[in-house]
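Let's take a look at how a protein can wrap around the molecules it holds. Have the structure open while you read, and follow along one ligand at a time.

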Amino acid sequence: MAGKGDLLYAWTTNDELREKAETGGAVTALLRHALESGMVDAVFAVRKGADVYDAMPAMITDPAEIGGIAGSLHCGTLLLPKQMRRCLLSTDPNMKIATVLKGCDVKAIYEMAKRNQVNLDNIIIIGLNCGGTIRPETARIIVREKLGLDPDDVVKEEIDKGKFIVITKDGEHASISIDELEEGSEDLLGDQGLGRRSNCRRCKIKIPRQVDLACGNWGVIGEKAGNATFVEVCSEKGANLLNAAVKTGAVATEPANPKGIEIRGKVENAMLKLGDKWRERYFGALGEGTERLNKIREQTSRCIKCYSCIENCPICYCVECSTRKDYLVEPGVIPPPFMFHLIRFAHISDSCVNCGQCEELCPVEISNSVFMHAIQTDLEELFGFHPGEDMTPPVLALVEESAERDRLIATGSDQIFDVFR
Ligand code: FAD
Ligand code: SF4
Ligand code: SF4
Ligand code: SF4
Ligand code: SF4
């Protein structure tokens, strides 16, 4: 029987699922077991959208449809928890869910749980190791300009051993090193060149362990390489799911190879060092003091106040957003006063999880996530608050604002965060 802390190789015993899955299909088989056995009412994950560069959220209640979500999408840059919440609100907020999340998704779901937007007791989280994602439009440029192929001919993409790899409909394989792609990134606050998204380069959550089961391919060596999933059991809930799936024969396991465990540790450390290197480069490009302020003011001066950064941020949930209050941000004025951005820095920078949505979805390409992440890392050093790691309340939870808030806390109301700021 597996228990918390165990490190295993796992794989699906179902040939059809194995065919569709990324590295062994344990994740899809576990999800199917959770659904079939009634442990959960639905599975929330992603599936391929219009093409291999596109990902769509998927809420699955029929176990027969689970094969449709197998496989990894490295250009699918959706942040899932906020989408999950929207789905739950339109169906049943108390549904029991099993979900698959990358590190930034995991951090986001914890910050959302603190704000009463999701209930972690109802959710089984399978976390994925993550080396990074590439924006769909960037991936198409890489395929066309660097690999000399038609992006529409690609039927499969992968990121493996530091390379972006594609396979075409004619079975042609082509690849390029991610380091090589990112070497050309000169203007980190403008055209960043090719390679992974800016937040992925700075990311330091490679194996998310605040989940139930952390899964990936790092450390799977020998004859199982490519055919098994490396599973780290991170909670009793995760152990229960894995043991139940093994008992029914849906999943098979064996102890992870000690050499593989060592390799996994080394790769994780190398990725963390790479994250540090990119943080230095990005935050260095911002400069210090007034130089930094002026760079932020200059970039935000092209804001068109579309609210995309707020609507897609996993930290922003207030019913009455201060950036919509006439006395703080004059309505109808484009660009909005700098106060618009200062409000966001003040309200959420302690909790930013570096998911990159505010940058990726900004129509005028403001480096929002670089600014917020830079402030967040400074605040982390100042106050010791690590967003998304556990259920510790954010720094702003210490703000005493109103009698109304005290009343809500006293009554345990879900609305606490609505009046929080
Ligand atoms: P499958 O049975 O194929 O199931 C995969 C699950 O992942 C499905 O539920 C699917 O919905 C979900 N999924 C696919 N794409 C996404 C996405 N973009 N966001 C959220 N969920 C998604 N492992 C490593 O060890 N090192 C890495 O560097 C690494 N990088 C990764 C980067 C990305 C963007 C992704 C999505 C995964 C990465 N993985 C990495 C994990 C690895 O690719 C496999 O997902 C893992 O080994 C599980 O394999 P499996 O065969 O059991 O998964
Ligand atoms: Fe993966 Fe980190 Fe990028 Fe999220 S921010 S997609 S966890 S590399
Ligand atoms: Fe301004 Fe960009 Fe935010 Fe839209 S997404 S409000 S343009 S900063
Ligand atoms: Fe993600 Fe941007 Fe919000 Fe930070 S500020 S959590 S990067 S959307
Ligand atoms: Fe986000 Fe602040 Fe608006 Fe709340 S008030 S939604 S924290 S910007």
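Below is a short tour of the surroundings of two ligands in this predicted model.

**Ligand 1**

Start with ligand 1, which has 31 residues around it. The closest ones are T23, T28, G71, N217 and W218. Which elements help build this shell? Helix 2 (26-36) and strand 2 (42-48) each put in at least two residues. Helix 2 is the top contributor here, giving four residues to the shell.

If you sort the shell around ligand 1 by class, you get 14 nonpolar residues, 15 polar ones and two charged ones.

Now zoom in on some backbone atoms. Three glycines each have a polar backbone atom facing a ligand 1 atom at the distance shown here:

| Residue (backbone N or O atom) | Atom of ligand 1 | Distance |
|---|---|---|
| G24 | oxygen | 3.1 Å |
| G76 | nitrogen | 3.1 Å |
| G131 | oxygen | 3.1 Å |

So how much of ligand 1 does the protein cover? On its own, ligand 1 has 900 Å² of accessible area, and the protein covers 98% of that.

**Ligand 3**

Next up is ligand 3, with 14 residues around it. Coming nearest are C303, C306, C309, C362 and N368. Two helices, helix 11 (308-311) and helix 12 (339-348), are the elements that give two or more residues to this shell.

As for classes, the shell around ligand 3 holds ten nonpolar residues, three polar ones and one charged one.

Methods: Residues numbered from 1 in each chain as written. Chains lettered and ligands numbered in written order. Predicted model: local features only at pLDDT ≥ 70, side-chain atom pairs only at ≥ 80, totals over all residues. Heavy atoms only, no water. Near = heavy atom within 4 Å. Polar contact = N/O pair within 3.5 Å; in protein donor to acceptor, adjacent residues only side chain to side chain. Areas by Shrake-Rupley, 256 points an atom, 1.4 Å probe, with all protein chains shown as cover. Nonpolar A, V, L, I, M, F, W, Y, C, P; charged D, E, K, R; others polar.
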